[in-house]
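Subject: Structure handover

Hello,

Here is the structure I promised to pass on. Please open it first, then read my notes below.

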Amino acid sequence: MSKEKLPRITILAVGGTIAGKGADSTQITQYQAGVLTIEALIKAVPQVSDLAEVSGYQIANIASYATTDQLWLKLAMKVNELLSQSHCDGVVITHGTDTLEETAYFLHLTVKSHKPVVMVGAMRPATALSADGPLNLYNGVALAASDVARGHGVLISLNGRIGSARETSKLHTTAIDAFGSPEAGLLGYMVDGRPHFYYKSLRKHTAESEFVLFDLPQLPRVDILFGHSQDTRDLVDAAVAAGAEGIVHAGTGNGGIFPLTRQGLQDANEQGVMVVSTSRIGNGLVTTKPVDLESDFIASGNLTPQKSRILLQLGLTKTHRSTEIQRMFEIY
Ligand SMILES: NC(=O)CC[C@H](N)C(=O)O
């Protein structure tokens, strides 16, 4: 293919292990994330120039557990700006893996384009033996440059797999095969730099999403509380006192909540705090609020607590009516 016919892909670099550097090649956990620049990442994979006309832009260079709302907003603006231009056919984002799925789901709901957006990361730093970053970046560019990746919303691709931002989560602290979606499954695979798709999500995203970011300085505060036996209401009260507009409760089992905590959440709810009932289990769904509770709690469906937080934050930028928020949890 001649150079001028190649798709034009922009790589936005946010940091993470894919840009990480250890003291030596055997360091797999003791290293610094977010060190190498986007230029260095692209230079390490010269093969991408066979796939696309690639340009790079450094958004940040951080470990992803330090991601902020402001960074999400900046990233969403940048991706929207790039994809609205005819000279950009797709975007790849290099990101730390800890919160990669959260940034991915935020973009899944706020990017207004059918063009491919692919998030990649790595589990081993760039300096490690058998570093996985270069092949993940190569596959990410190949995926973003392909027509079949259009219309799926934001994709997560590591270790030769393609997943939806909605369903994919980090499931292992150190393994190369850290990302998956045990119940919903993958959308497809990357083999020899070619995507093979098998599935498509039924939930709304990107161009069909109702969330528009007009110069928002920050998102509403939503806290996540992790349920457990002998829980208290103390953290609920602390969240309300700190100004949380919403609380996501990661309940035991099918949204179970310890009685004291439940009372705290009900009081918070009566004061106008939106409460979303989710599960700490990681599989299955929460479909109903606790039966004996007179409240406006929202049922999260199969959305994880960390992704429920994002949907609630975005929902609260539009409405404080629980029926409207519940509607959002049924379509996104
Ligand atoms: N594998 C990784 O990218 C993890 C590195 C770091 N904890 C981060 O999320 O950025």
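The protein chain of this predicted model is divided into two parts: domain 1 covers 3-208 and domain 2 covers 222-331. Their centres, taken over C-alpha atoms, are 30 Å apart.

Where do domain 1 and domain 2 meet? Nine residues of domain 1 are in contact with eight residues of domain 2. On the side of domain 1 that touches domain 2, α3 gives the most, with four residues. By type, the residues of that side divide into four nonpolar, one polar and four charged.

Helix α3

Start with this helix. It spans residues 100-110. Is α3 mostly covered or mostly open? Mostly covered: eleven of its eleven residues are buried. Charged side chains do not escape this, and Glu101 and Glu102 are among the buried residues. So are Tyr105, Phe106 and His108, to name some others.

What covers the buried residues of α3? The cover includes two helices, α2 (69-83) and α7 (305-316). It also includes the strands β6 (117-120), β7 (154-158) and β9 (169-170).

The annotated residues

Next, look at two threonines. The UniProt annotation "active site", from an unreviewed entry, covers Thr17 and Thr97. They are spread over 81 residues of sequence, yet they cluster in space, with a largest C-alpha distance of 7.5 Å.

Take Thr17. Its place is in the loop between β1 (8-15) and β2 (21-22). Thr17 counts as buried because 31 other C-beta atoms lie within 10 Å, and the cut-off is 20 or more. Not counting residues up to four places away in sequence, Thr17 touches Ala33, Gly96, Thr97, Gly121, Ala122, Met123, Arg124 and Pro125.

Now Thr97. Its place is in the loop between β5 (90-94) and α3, the helix described above. Why is Thr97 called buried? It has 25 other C-beta atoms within 10 Å, so it passes the cut-off of 20 or more. Leaving aside neighbours within four places in sequence, Thr97 is in contact with Gly16, Thr17, Ser64, Gly121, Met123, Lys170 and Ala178.

Compare the two lists. Gly121 and Met123 appear in both. Thr17 and Thr97 also touch each other.

To view it quickly, begin at α3, with its eleven buried residues. Then go to the loop between β5 and α3, where Thr97 sits. From there, go on to Thr17, one of its contacts.

Best wishes

Key: Residues numbered from 1 in each chain as written. Predicted model: local features only at pLDDT ≥ 70, side-chain atom pairs only at ≥ 80, totals over all residues. Buried ≥ 20, exposed ≤ 12 C-beta atoms within 10 Å, placed from the backbone. Contact = placed C-beta atoms within 7 Å. Domains from an automatic or database assignment. Nonpolar A, V, L, I, M, F, W, Y, C, P; charged D, E, K, R; others polar. UniProt positions renumbered as here; feature names shortened; annotations may be inferred.
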